[in-house]
Amino acid sequence: MNIHDLPALGAAIDEGLFAGVTTTTDGHHHAVVLLPIKPEKPMTWKRAMNWAEKAGGELPTRPISALLFANLNDQLDPEWHWCSEQFDGSCAWYQSFGYGGQGYDRKRFEGRARAVRLIPLTA
């Protein structure tokens, strides 16, 4: 997808909503798409990771979770949601969509999840 063809924030794109643009650590730019599907109940981090993959995406990273809070917060439940990044062997990061903070908790605890899809962009 060409970077000049991106829709407005919150507009439909690739079976979801356009949340903004992120740059990965390798320097490549991607459009972030919030997928509409959400699990019915909270789940552990590992189950959330598997659920997101089956949903056709992935759990958002911490920076992408902050982007979702900034640009599409009205589309997300105010509870905390798992991020894809681990803090250590027993904990993983989460994003609160109620107050915007990030923290970490035990992976065995149950939290909410949403999936995103990254679309590579060209200039």
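Okay, a quick one to start: is Tyr-104 buried, partly exposed or exposed? At 41% relative accessibility, Tyr-104 counts as partly exposed. Keep in mind that this is a predicted model.

I'll stay with the aromatics for a bit. Searching the whole structure turns up five aromatic pairs. Take Trp-80 with Trp-82: the ring centres are 4.8 Å apart and the planes sit at 90°, so that one is edge-to-face. Those two tryptophans don't get the same label for accessibility: Trp-80 is partly exposed, with 23% relative accessible area, while Trp-82 is buried, at 1%. Then there's Trp-93 with Tyr-104, also edge-to-face, with 5.4 Å from centre to centre and 75° between the planes. Here Trp-93 belongs to strand S5, residues 91–96, and Tyr-104 to strand S6, residues 102–106, so the pair ties together parts 11 residues apart in sequence. On the Trp-93 side we have 15% relative accessibility, and that counts as buried because the cut-off is under 20%. Trp-93 has another partner too: the charged end of Arg-62 sits over its ring, 3.5 Å from the centre. And ring pairs link Trp-80, Trp-82 and Tyr-94 into a cluster.

Next, the cavity. How many cavities of 30 Å³ or more are there? The count comes to one, and the volume of the largest cavity is about 30 Å³. Trp-82 shows up again in its lining, together with Pro-60, Leu-68, Leu-76, His-81, Phe-97 and Arg-114. By type, that lining splits into five nonpolar residues, one polar and one charged.

Two of those lining residues, Pro-60 and Phe-97, also come up when you look at Ser-65. Setting aside neighbours within four places in sequence, Ser-65 is in contact with Pro-60, Cys-83, Gln-95, Phe-97 and Gln-102. Ser-65 sits in helix H2, residues 62–72, and is buried, with a relative accessible area of 1%. If you want a distance to check on screen, the C-alpha atoms of Ser-65 and Arg-112 are 13 Å apart, with the two positions 47 residues apart along the chain.

Last stop, some backbone angles. Which loop holds Asp-14? Asp-14 is in the one between strand S1, residues 12–13, and strand S2, residues 16–23. Asp-14 has a positive phi of about 45°, and it's not a glycine. Glu-15, in the loop between S1 and S2 as well, has a positive phi of about 65°, again without being a glycine. As for accessibility, Asp-14 is partly exposed at 37%, whereas Glu-15 is exposed at 66%.

Methods. Residues are numbered from 1 along each chain as its sequence is written. This is a predicted model: local features need pLDDT of at least 70, side-chain atom pairs count only at pLDDT 80 or more; totals for chains, interfaces and linings use all residues. Side-chain values use heavy atoms; hydrogens and water are left out. Helices (H or I, at least four residues) and strands (E, at least two) are DSSP runs, numbered from the N terminus. Buried means under 20% relative accessible area, exposed over 50%, partly exposed in between (1.4 Å probe, protein chains only). Contact means heavy atoms within 4.5 Å. On a 1 Å grid over the protein atoms alone, a cavity is a set of points where a 1.4 Å probe fits but cannot get out, and a pocket is an open set with protein on both sides within 12 Å along at least five of seven lines; lining residues have an atom within 4 Å of a point. Grid points are joined across faces, edges and corners, and a volume is the space filled by probe spheres set on the points. Ala, Val, Leu, Ile, Met, Phe, Trp, Tyr, Cys and Pro count as nonpolar, Asp, Glu, Lys and Arg as charged, and the others, Gly among them, as polar. Rings of Phe, Tyr and Trp (its six-membered ring) pair if their centres lie within 6.5 Å; planes under 30 degrees apart count as stacked, over 60 as edge-to-face and the rest as tilted. A charge sits over a ring if NZ of Lys or CZ of Arg is within 6 Å of the ring centre and within 35 degrees of the ring normal.
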